[in-house]
Amino acid sequence: MNMELSRRQFLAATGAGFAGTALGAFGFGEVETAHAEAIRAFKLVNTTETRNTCPYCSVACGIIMYSKGDLRKGEQAEIIHIEGDSDHPTNRGTLCPKGSALLNFVKAETRLKYPMVRRPGSDKFERIGWEEALDRIARLMKDDRDGNFVQKNNDGVTVNRWTTTGFLAASATTNETAFVTYKVVRSAGMLVFDNQARV
Amino acid sequence: MTNSWTDIKNTDLVVIMGGNAAEAHPCGFKWVTEAKANRGARLIVVDPRFTRSASVADVYAPIRQGSDIAFLLGVMNYCIQNDKVQWDYVKAFTNAAYIVKDGFAYKDGLFTGYDETKRDYDKSSWDYVIGDDGYATVDDTLTHPRCVWNLLKAHVSVYTPETVERICGTPKEKFLKVAEMISECSTPTKTMTSMYALGWTQHSKGSQNIRSMAMLQLILGNIGVRGGGMNALRGHSNIQGLTDVGLMSNLLPGYMTLPTEKEVDFDSYMSTRGFKPLRPNQMSYWQNYKKFFVSFLKAMWGPAATPENHFAYDWLPKLDVPSYDVLRAFELMNQGKMTGYICQGFNPLLAAPNRTKLTASLSKLKFLVTMDPLDTETSRFWENHGEFNDVDPSQIQTEVFQLPSTCFAEDEGSLTNSGRWLQWHWPGGTPPGEAKTDNWIMAQIYVRLRDLYRKEGGAFPDPIVNLDWSYGDPGEPTAEELAKEINGRAYATVYDPSDPTKVVAEAGKLVPSFAALRDDGSTSSGCWIYAGCFNENGNNMARRDTSDPDETGAYSKWAFSWPVNRRILYNRASADLKGKAWDPSRKLIEWDGQKWSGYDVPDIAPTAKPSDVGPFIMNPEGVSRLFVRGMMRDGPFPAHYEPFESPVTNFVAPNVRGNPAARVFAGDFAQFAEPASQEFPYAATSYRLTEHFHYWTKHVWVNAVLQPEFFVEISEELAKERGIVKGGWVRVWSKRGSIKAKAVVTKRIKPLICDGKPVHVVGIPLHWGFTGAAKKGFGPNSLTPFVGDANIETPEYKAFLVNIEPIAGPVA
Amino acid sequence: MFPPVPNPTTQLKSPKFGEHDLIRRSASTVTPPAQRQSEVAKLIDVSKCIGCKACQTACIEWNDTHPEVGVNTGIYENPHDLTPDMFTLMRFTEWENPETNNLEWLIRKDGCMHCEDPGCLKACPAPGAIVQYSNGIVDFVHENCIGCGYCIKGCPFNIPRISEVDHTAYKCTLCSDRVAVGQGPACAKACPTQAIVFGTKEEMKQHAQGRITDLKSRGFANAGLYDPPGVGGTHVMYVLHHADKPEIYAGLPSNPRISPVVEAWKGVTKYAGLAVIGLAAATGFMHYLVAGPNRVSQGDEEAAERLAGEERRP
């Protein structure tokens with residue numbers, strides 16, 4: 001369990017919290033019994049918890065991801081379950097029909113795994129290595145910029161703009177990605193630049 | 001949002017109009033149900049469809065899409081006519097008393113200064129009378145015929161309940177019920193919250209839709225108070241952040257603006273951003289613009305940004321048009337004026353309007369790069385998918401790179417929600433295959449580009465080769481490094497100007513907040529409004545303290561809220577002119593004779609006297625604006641305009657088509673259906689369903705189970721008229737395209753009677769495409785017009801014209 | 001706010017109920033525990049439900065079921081009915097209230113009601129295929145199920161469904177695995193508006209009263225709790241705005257009762273039934289089965305086991 005997650009103050013702090021509720025007061029005896037035959041073994045036992053936020057809408061519900069393996073220990077980690085974080089002030093553990101199915105976004109069959117290229121006129125994607133793809137993209141960008149960069153407008157004013165290659169930024173990347181993207185795009189002089197706020 | 005999701009529990013009345021919170025934001029909607037259950041709050045839903053939000057509303061009022069301004073100005077008129085105004089608030093905190101220039105007028109749907117050929121206004125008369133003292137002239141008695149209040153009163157007087165019914169199709173008694181409930185929130189102890197989203201923005205007058213409600217909220221005294229506010233629900237998880245950080249054509253981070261080519265140098269740029277106060281004693285916070293701007297330039301170019309080169313001002317590109325937004329981008333592409341396009345987590349082939357045009361445009365590119373965790377239609381625009389993407393790959397010469405990125409579960413960093421909370425998240429899973437983080441991909445592209453320029457030279461390499469890139473691993477900056485850069489740091493020790501012995505930030509340290517930023521190059525900050533998010537106290541976005549004194553819903557120690565951890569914007573307006581809460585039960589901050597304090601970070605200088613300094617510190621007036629001067633392209637007041645494709649002509653201004661100030665590209669105008677078209681008689685609208693999220697969840701089989709297949713929704717009456725049966729196949733077409741869908745025939749959509757004639761609504765959800773786990777289908781963007789809002793170019797997705805007919809289904 | 005369901009534990013915990021707590025076992029006699037556990041209940045407040053189907057998603061994800069991607073047939077119900085892979089389903093009804101002329105979109109989460117007097121269990125001829133714990137949860141034990149479908153006939157709510165894959169009956173377990181470690185059901189945790197809450201039955205009844213008072217203040221004079229006495233009350237209850245007309249909510253029975261056929265048969269000698277069904281599956285033999293004591297002797301149990309064992313052998 002990560003450090004952040006262990007700070008379960010929320011339910012205690014709200015007074016009417018968990019401790020005083022039904023779930024704590026079922027009157028279950030302390031009798032140690034084997035699992036009844038009908039009852040499944042609890043599937044989250046010995047998994048690793050990681051706190052995250054839902055990537056869909058802008059309510060930004062808190063979620064907990066349960067994985068086999070722990071990234072923080074340098075292990076491979078496979079997420080096996082995701083559910084709402086009851087300690088989160090906004091969603092209090094709840095999730096909508098999209099958020100509740102996040103596991104199958106992470107594990108969707110159509111997750112992209114390898115860089116692909118589609119050559120001009122081709123009817124298919126082919127695998128390409130990262131190095132080759134990135135080298136090619138940088139070359140295409142530079143050639144276009146060198147060919148079409150406008151340093152001064154007709155009035156002789158310095159404008160330093162490049163409008164023949166554009167960039168559409170995302171809607172769900174982090175602020176940190178946003179800023180590194182901003183630096184790369186603007187330093188190149190790009191003006192054709194937008195995000196998904198409008199659609 | 002001016003407020004936050006958790007604050008909604010404090011409200012007395014929720015108005016959901018221009019949105020559908022229960023479906024699009026279910027877990028935020030929880031706070032509506034809490035307000036209802038615990039405070040007895042009421043919920044009003046105004047929508048063309050009886051949505052799932054409407055299913056739990058106390059009052060539902062139907063409205064024709066694209067007529068919201070008429071409705072809202074009608075409510076405003078009702079409040080003014082019935083003296084349901086929070087007068088003390090209006091007089092003290094709005095510009096109601098400001099005298100407007102004599103030249104300004106509104107007639108036949110147009111404001112003064114319209115130029116039809118330019119589709120634009122000369123806005124010089126849209127301003128206050130400025131006195132000899134340099135300040136705006138006011139009449140606190142509100143008797144001057146040219147004061148904002150009296151102009152507003154006259155402007156809205158045409159929107160009577162009868163007129164509203166004729167334009168909107170809202171039955172008069174429903175409208176009056178809504179108006180009455182809203183007007184009750186004009187007392188200081190009752191408050192209303194407005195929850196809206198793309199139902200208001202995706203119109204050619206989207207900005208004015210929102211302004212209308214903001215003005216109404218000001219008249220009722222509901223801005224800056226707990227349980228009140230203008231709450232933009234927003235679509236995606238970090239679209240607030242992407243906009244805050246300025247990833248738009250004309251923006252710099254923190255809502256500063258990119259120079260235009262008219263601003264030939266640093267001084268001319270700054271000369272229009274001085275923001276001198278328009279009334280005595282006002283803060284006019286943008287007076288600090290230069291500090292934020294220089295600090296931004298330092299974050300970009302570090303040591304290369306010097307006083308001598310005006311902090312590299314010239315290295316910023318200069319605009320020749322208002323913006324190169326996504327619509328202009330596709331227009332340029334279609335004209336063959338673009339070479340390359342890079343789409344990071346954005347699927348424009350389904351998201352932008354007029355898909356035929358989009359495909360033609362992308363086909364003219366030399367190269368396209370996409371970066372996504374999931375497969376997208378855009379990256380496969382060249383691939384034939386039968387009727388769902390009927391293209392000939394051999395005719396498309398675009399070179400396409402599809403780059404796999406990690407998803408939320410595998411990366412680290414912060415997202416900003418619609419309540420302005422920056423929340424940090426941690427990775428918990430190993431990425432699939434060779435997927436890489438977006439930071440890595442962007443850095444790898446940059447480093448290659450920089451190295452090519454270093455090696456080969458080329459067109460003006462300076463801004464590229466001098467970009468500050470001092471990360472531990474230049475090939476992959478960490479989220480933490482970037483967060484610190486966004487926050488900002490001091491290059492030299494910064495002192496308090498009022499007490500030079502007091503250190504505000506030590507050299508080399510992170511700045512505590514934007515108050516420490518300077519305009520001499522001694523500080524940097526990537527995005528000034530985020531300053532404080534990661535300072536010497538640590539990563540404040542990672543805070544997870546759930547304490548909430550007196551259960552106000554502020555949660556001030558949970559994550560970080562911009563600006564300076566403030567949870568409710570304009571919160572000084574929650575108190576009267578003496579600094580006492582309008583509603584003691586909803587106290588937020590109060591003046592104790594010396595300073596402001598309370599549950600939130602005051603949105604005013606802590607020692608600013610309540611009678612002197614107005615609550616709207618970002619405005620040079622110090623007050624809010626019922627009349628917005630020349631700051632909106634389409635008018636200082638909202639006015640009713642029909643959508644560009646409308647089933648009726650404009651009732652209040654018959655000669656005006658669409659929004660007269662909206663930009664329309666030449667070829668696109670010819671592709672609009674005529675008003676009251678016989679060929680396209682039905683009013684269509686697009687929307688999301690609660691089971692899906694945009695074009696993402698069709699890749700998630702569980703969500704595909706819940707809503708498997710594309711459909712359109714129509715009324716029983718229209719079904720009968722056109723011979724359409726429940727679950728049968730239909731063809732829907734507009735002047736720009738045609739789609740096939742299943743038909744859902746429902747009582748939840750009813751014909752609206754507008755000016756005596758029935759208007760049938762066709763509802764078109766937007767979640768289907770040709771990739772993923774759900775059935776292949778179409779989206780509304782095959783049909784929608786290529787025109788955006790006059791101010792910010794949001795496409796008019798919510799109101800357009802179609803025809804519909806039953807068809808035989810595909811042969812199985 | 002009703003206290004949220006807490007986050008799950010990842011530690012190994014002893015289950016809070018089990019074999020000792022059985023109060024009923026199909027076609028068998030059990031010795032009930034000396035002390036009954038607090039009865040639990042799920043309360044579904046239809047007036048707060050926004051029909052988002054988060055309960056369906058959470059149910060699929062938690063129970064690892066795999067319903068098929070279907071088609072649209074002009075309605076919002078997907079899948080179109082309960083299935084062996086979809087234990088709960090939002091049912092949508094567009095109802096025009098004749099008193100107000102307003103449209104009401106009634107959305108009811110359908111699924112097992114966990115009856116106090118469970119018709120499925122009483123109809124079940126397979127020993128131990130259906131059990132009821134003292135906290136009220138009615139659960140299916142798949143290794144004991146013979147797929148005869150009598151549970152469907154016995155259910156006054158038409159809930160269980162037989163899988164074509166393993167030929168056994170499926171329905172909501174009330175997330176017995178979660179409740180066993182002190183958790184609430186997955187649907188109750190996920191529900192965005194807390195239209196689904198979970199706790200002791202007494203607490204749920206109290207909570208319902210608060211909701212009913214609120215609804216009455218909004219003009220729903222007949223708002224009330226659905227806890228039908230015909231099945232001894234249920235461990236899944238509804239708050240309805242129109243409790244006088246449960247049937248408008250997609251056919252919720254106004255007075256659900258166990259079929260008289262099943263009631264007549266409740267004392268059947270189960271092993272015989274098992275044998276018969278094994279030989280001639282679900283041929284309506286229930287009618288022939290003779291009423292007798294609802295007890296099974298040790299010898300009978302052994303005989304049943306023997307017969308069943310033989311039947312199961314290929």
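Is Cys120(C) buried or exposed? Cys120(C) is buried, as 28 other C-beta atoms lie within 10 Å, and a residue needs 20 or more of these to count as such. Please keep in mind that you are looking at a predicted model. Here is a short tour, starting with a cysteine cluster in chain C, moving on to chain B, and ending with chain A and its contacts.

**The cysteine group in chain C**

- UniProt, in an unreviewed entry, lists Cys112(C), Cys115(C), Cys120(C) and Cys155(C) under "binding site".
- These residues span 44 positions in sequence, yet no two of their C-alpha atoms are more than 10.3 Å apart, so the group gathers at one spot.
- Cys120(C) sits in helix H2 of chain C. Setting aside neighbours within four places in sequence, its contacts are Ile130(C), Val138(C), Cys151(C), Gly154(C), Cys155(C) and Pro160(C). One of these, Cys155(C), is also on the UniProt "binding site" list.
- Cys115(C) belongs to the loop that links strand E4 (103–110) and helix H2 (119–123) of chain C. Cys115(C) counts as buried because it has 28 C-beta neighbours inside 10 Å.
- Again without the neighbours within four places in sequence, Cys115(C) touches Val138(C), Val231(C), Gly232(C) and Thr234(C). Val138(C) therefore turns up in the contacts of Cys115(C) and in those of Cys120(C).

**Chain B as a whole**

- Chain B contains 21 helices and 33 strands.
- For 812 residues, a compact globule would have a radius of gyration near 28 Å; the value for chain B is 27 Å, so the two agree.
- The C-alpha trace of chain B extends about 80 × 70 × 55 Å along its principal axes.
- Buried residues make up 64% of the 812 in chain B.
- Take the contacts in chain B between residues at least 6 apart in sequence: 71% of them join residues at least 24 apart.

**Domains and annotation in chain B**

- An unreviewed UniProt entry places the feature "domain: Molybdopterin oxidoreductase" at residues 1–374 of chain B. That span is 35% helix and 12% strand, and its end C-alpha atoms are 29 Å apart.
- The domain assignment of chain B divides it into domain 1 (6–235 + 622–631), domain 2 (239–276 + 283–317 + 485–540) and domain 3 (666–807).
- Between the C-alpha centres of domain 2 and domain 3 of chain B there is a distance of 45 Å.

**A covered strand in chain A**

- Strand E1 (residues 48–53) of chain A is mostly covered, with six of its six residues buried.
- On one side of E1(A) are Thr48(A), Thr50(A) and Asn52(A), and on the other Glu49(A), Arg51(A) and Thr53(A); both faces are covered.
- E1(A) pairs with strand E2 (residues 62–68) of chain A in the antiparallel sense, over six bridges. Within this pairing, Asn52(A) stands opposite Ile63(A) of E2(A).

**Where chain A meets chain B**

- In this interface, 112 residues of chain A are in contact with 144 residues of chain B. The side of chain A that touches chain B is made up of 56 nonpolar, 33 polar and 23 charged residues.
- Strand pairing also crosses between the chains: strand E8 (residues 165–168) of chain A and strand E12 (residues 340–344) of chain B pair in the parallel sense over four bridges.
- If you would like a pair of residues to look at there, Phe167(A) has Ile342(B) in E12(B) as its bridge partner.

Definitions and conventions
Residues numbered from 1 in each chain as written. Chains lettered and ligands numbered in written order. Predicted model: local features only at pLDDT ≥ 70, side-chain atom pairs only at ≥ 80, totals over all residues. Buried ≥ 20, exposed ≤ 12 C-beta atoms within 10 Å, placed from the backbone. Helix = DSSP H or I, 4+ residues; strand = E, 2+ residues; numbered from the N terminus. Pairing = 2+ DSSP bridges. UniProt positions renumbered as here; feature names shortened; annotations may be inferred. Rg over C-alpha atoms; globule rule 2.2 N^0.38 Å. Contact = placed C-beta atoms within 7 Å. Domains from an automatic or database assignment. Nonpolar A, V, L, I, M, F, W, Y, C, P; charged D, E, K, R; others polar.
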